[in-house]
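Me: I'd like a close look at one part of this model. Could you walk me through it and then tie in the strands?

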Amino acid sequence: MKRHIFIYLMFLFSTAAYAFNGLTHQELIKSALDHLDSFVETSQATRQWLGTENTKRGRRIRNLLIRATVDEDYRANIFLDANFHSPFAGAMGKAANIFTTFSHHLNVSIPGTYWEFDGYAYKNTDGTGNDKYLGLPSVSVKGALSNALSSRIHSGFIDDNDIGTYQLEFKGTQQDWQNMFFGNNRASDAVFPPANVPAQLAKDRLMSSPIAKKGRKKVWAETINLASGVFSSQELSRRFWRAEIEGLPQAFDLLGTIFHMTQDLSVPHHTHGIGSYCHEELETLGDTLACGKRVDTSLFDLGIYDENPNYYKCQRLYDPALVETLRTHLPVFSTRPDLSLSNRLKEIAKLTSQWRFGKDPRDEDLVRSVLPNGLVFFEKSCNELLKHKELRSALKVQYNFAVAATVVVFDQIAKEYLKIP
Ligand SMILES: [Zn+2]
Ligand SMILES: [Zn+2]
């Protein structure tokens with residue numbers, strides 16, 4: 001048994017983060033802001049919110065949105081427990097893997113059990129990804145420590161901007177919720193809230209948020225407890241900040257939560273709820289293609305990045321013409337005030353889910369990818385699979401799809417808040 005634990009955990013600790021990586025999120029929001037500044041027929045509402053690019057205020061607004069979008073992966077708001085560890089909010093390998101990313105999935109490939117479409121659930125994966133340790137018998141979810149799952153306010157990041165428990169649209173009973181996340185639960189039985197839930201909660205909170213009468217900024221360090229080895233833990237001390245800007249809603253930075261979820265739903269694996277089959281490799285390839293080379297992104301784990309706006313020149317995936325084509329041709333991006341953010345994200349996820357990854361049904365040793373146009377590729381490794389230029393092009397489309405989605409969601413929310421049609 002111990003040997004098995006060891007093998008499982010080695011997989012976990014050798015892997016990197018588990019969502020579009022911080023760098024790609026940073027580039028996506030930068031591309032979207034650029035697009036809103038220069039390409040899109042910018043609405044009055046968006047212009048009012050973003051102000052002018054090359055002013056102190058304009059730069060402050062843009063930096064705030066970049067930071068808020070990236071930091072979503074570092075909110076330690078889901079905790080696990082295991083008999084070989086004290087409660088932990090993630091794992092540390094080459095990079096930090098914070099469990100909050102469990103709620104960054106929206107599995108539209110099958111009908112949900114507890115939501116119309118569930119988020120990540122171990123039972124819907126085959127346990128061959130870096131999520132396999134969830135299958136270990138002693139691993140449980142610590143709902144009482146997790147502010148996404150209970151009303152407990154854990155983190156300084158949240159207290160000003162608490163969006164509440166991720167229970168919106170939950171179809172189960174209170175007892176189901178209790179059984180999954182509290183007491184003697186097993187992590188392998190848990191169904192985590194889907195990404196559209198925190199996005200919609202953040203939007204609702206933003207809509208009811210008053211205009212800030214003066215600017216303020218709060219900087220703090222948070223110690224995040226991570227599992228780092230079979231019986232060892234590690235503390236990650238991470239720097240956070242949030243700010244309010246005079247004349248904008250106090251909860252303006254919750255746009256970061258919304259953009260982040262929107263962007264993660266442009267990754268195929270997040271719309272099938274799987275941690276395996278080149279999930280991590282595809283996301284790392286996003287960083288590499290954006291920068292034109294492999295980059296060290298460890299500073300993101302410490303909370304250091306936007307102080308160096310020119311640190312990375314990584315806008316190579318951004319294709320303004322492609323963003324415009326997607327924005328103007330896909331019905332999911334049309335202006336529809338009747339469409340809730342939650343439902344729009346479901347539609348976005350359905351489009352993304354047309355790109356599939358999995359085992360080759362004829363040969364277990366091969367990993368396969370089927371593009372939305374039906375083209376099939378299979379190789380012995382993700383490394384080989386992701387060398388195909390068709391897959392790299394598809395990733396570029398998904399990047400620009402995420403930019404278009406961010407632009408559209410931003411514009412819609414600005415118009416709604418400001419009541420400008
Ligand atoms: Zn991911
Ligand atoms: Zn994420």
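Is Lys419 buried or exposed, and how many other C-beta atoms lie within 10 Å?

Reply: Keep in mind that this is a predicted model. Lys419 is exposed, because just 7 other C-beta atoms lie within 10 Å, and the cut-off for that label is 12 or fewer. You'll find Lys419 in the segment after α14 (389-418). Its backbone deserves a glance too: phi of Lys419 is near 55 degrees, which is a positive value in a residue other than glycine.

Cys278 makes a handy partner for Lys419 here. Phi of Cys278 is near 70 degrees, again positive in a residue other than glycine. Cys278, though, is buried, since 25 other C-beta atoms sit within 10 Å and 20 or more is enough for that call. As for its place in the chain, Cys278 is in the loop between α8 (255-264) and α9 (279-291).

Now for the strands. β6 (residues 216-227) pairs with β3 (residues 90-92) through two bridges, running parallel, and Gly90 stands opposite Leu226 in β6. β6 also runs antiparallel to β7 (residues 233-244), with 12 bridges joining them; there, Asn225 faces Glu235 in β7.

There's also an open sheet of three strands, ordered β2-β1-β5 with antiparallel pairing. Its edges are β2 (85-88) and β5 (140-141), each of which pairs on one side only. Two bridges link β1 (residues 80-82) to β5, and Asp81 stands opposite Ser140 in β5.

Technical notes: Residues numbered from 1 in each chain as written. Chains lettered and ligands numbered in written order. Predicted model: local features only at pLDDT ≥ 70, side-chain atom pairs only at ≥ 80, totals over all residues. Pairing = 2+ DSSP bridges. Helix = DSSP H or I, 4+ residues; strand = E, 2+ residues; numbered from the N terminus.
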